[in-house]
Amino acid sequence: LTFSKILDSFSSRSDFFYTLKCEEPDNIPSKEGVIEAFYTFAQQAQQREADALIKEESLNEDAARRYIRNSLKREYASENGTALNETLPKLSPLNPQYKSKKKTVFQKVSAFIDKFKGVGGSV
C-alpha cells in the first residue's frame, strides 16, 4: 500500500486534507491521527470505486463484490476458476464481446486490487 498511489488517483489532494480537518500545515494531527485518517479516507475511496466499477461494467453485484473481496485478501486478481466469469453480465461465451468484456473487467479489477491492497475495509 502506498500513500501516493491512492492520493494520486484523486483530482485534488485537498479531499484527504479535508478529511484531516486541517487547512494549515501547523494543524496536522499526530502521526497516528494522520494514519487513521488516511485509512478511513482510503476505505471510503475503495467503496466508491468498487461501486463505480460494478455499475460501469454492469457486473453481477454479489458475485463482483465476492470476487473483489477475495482478490483483496489474496492481494491479486486471478483469471483462473469461475469467479471472474460469474461477475460478468449475462453473455454467452460464444458471443464475440465475451472475451473482450472479460479482459476489460479483469484489467480494471487488477488495477483496483493493486491500488487498494492493504487498505482493509469492506467492499
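**Terms and values in this predicted model**

Visitor: Why does Ser 58 count as partly exposed?

Guide: The relative accessibility of Ser 58 is 49%. Buried means under 20% relative accessible area, exposed means over 50%, and partly exposed lies in between (1.4 Å probe, protein chains only). Ser 58 therefore counts as partly exposed. The model is predicted: local features need pLDDT of at least 70 and side-chain atom pairs count only at pLDDT 80 or more, while totals for chains, interfaces and linings use all residues. Residues are numbered from 1 along each chain as its sequence is written, and side-chain values use heavy atoms, with hydrogens and water left out.

Visitor: Where is Ser 58 found, and what is notable about its phi?

Guide: Ser 58 belongs to the loop between H3 and H4; such helices are DSSP runs of H or I with at least four residues, numbered from the N terminus. Its phi is near 55 degrees, a positive value in a residue other than glycine. Most residues other than glycine have a negative phi. Glu 75 also has a positive phi, near 70 degrees, and it is found in the loop between H4 and helix H5 (83-87). With 42% relative accessibility, Glu 75 is partly exposed.

Visitor: How do you know that H3 and H6 are roughly antiparallel?

Guide: The two helices pack at an angle of about 175 degrees, and their axes are 11 Å apart. The axes are lines fitted to C-alpha atoms over the stretch in contact, with angles from 0 to 180 degrees between N-to-C directions. Under 35 degrees counts as roughly parallel, over 145 as roughly antiparallel, 65 to 115 as roughly perpendicular and the rest as oblique. H3 and H6 are therefore roughly antiparallel. Among the residues that meet are Ala 42, Leu 53 and Glu 56 in H3, and Lys 108, Val 109 and Phe 116 in H6.

Visitor: Why is the pair of Phe 112 and Phe 116 called tilted?

Guide: Two rings of Phe, Tyr or Trp (its six-membered ring) pair if their centres lie within 6.5 Å, with planes under 30 degrees apart called stacked, over 60 edge-to-face and the rest tilted. By this rule there are 2 aromatic pairs. In one of them, Phe 38 and Tyr 39 stand 5.6 Å centre to centre with 75 degrees between the planes, an edge-to-face arrangement. In the pair of Phe 112 and Phe 116, the centres are 4.9 Å apart and the planes at 50 degrees, so this pair is tilted. Phe 112 and Phe 116 are 4 residues apart in helix H6 (residues 96-116), which means about one helical turn between them.

Visitor: What makes Phe 112 and Phe 116 buried or exposed?

Guide: Phe 112 has a relative accessible area of 5% and Phe 116 has 0%. Phe 112 is therefore buried, and Phe 116 is buried as well.

Visitor: Which residues have the most contacts inside the largest nonpolar core?

Guide: They are Ile 68, Leu 72, Val 109, Phe 112 and Ile 113, in a core of 23 residues. Such a core joins buried Ala, Val, Leu, Ile, Met, Phe, Trp, Tyr and Cys residues through side-chain atoms within 4.5 Å. Helix H3 (31-56), helix H4 (61-74) and H6 each supply at least two of its residues. H6 gives the largest share, 7 residues. Leaving aside neighbours within four places in sequence, Ile 68 is in contact with Leu 53, Val 109, Phe 112, Ile 113 and Val 123, where contact means heavy atoms within 4.5 Å.
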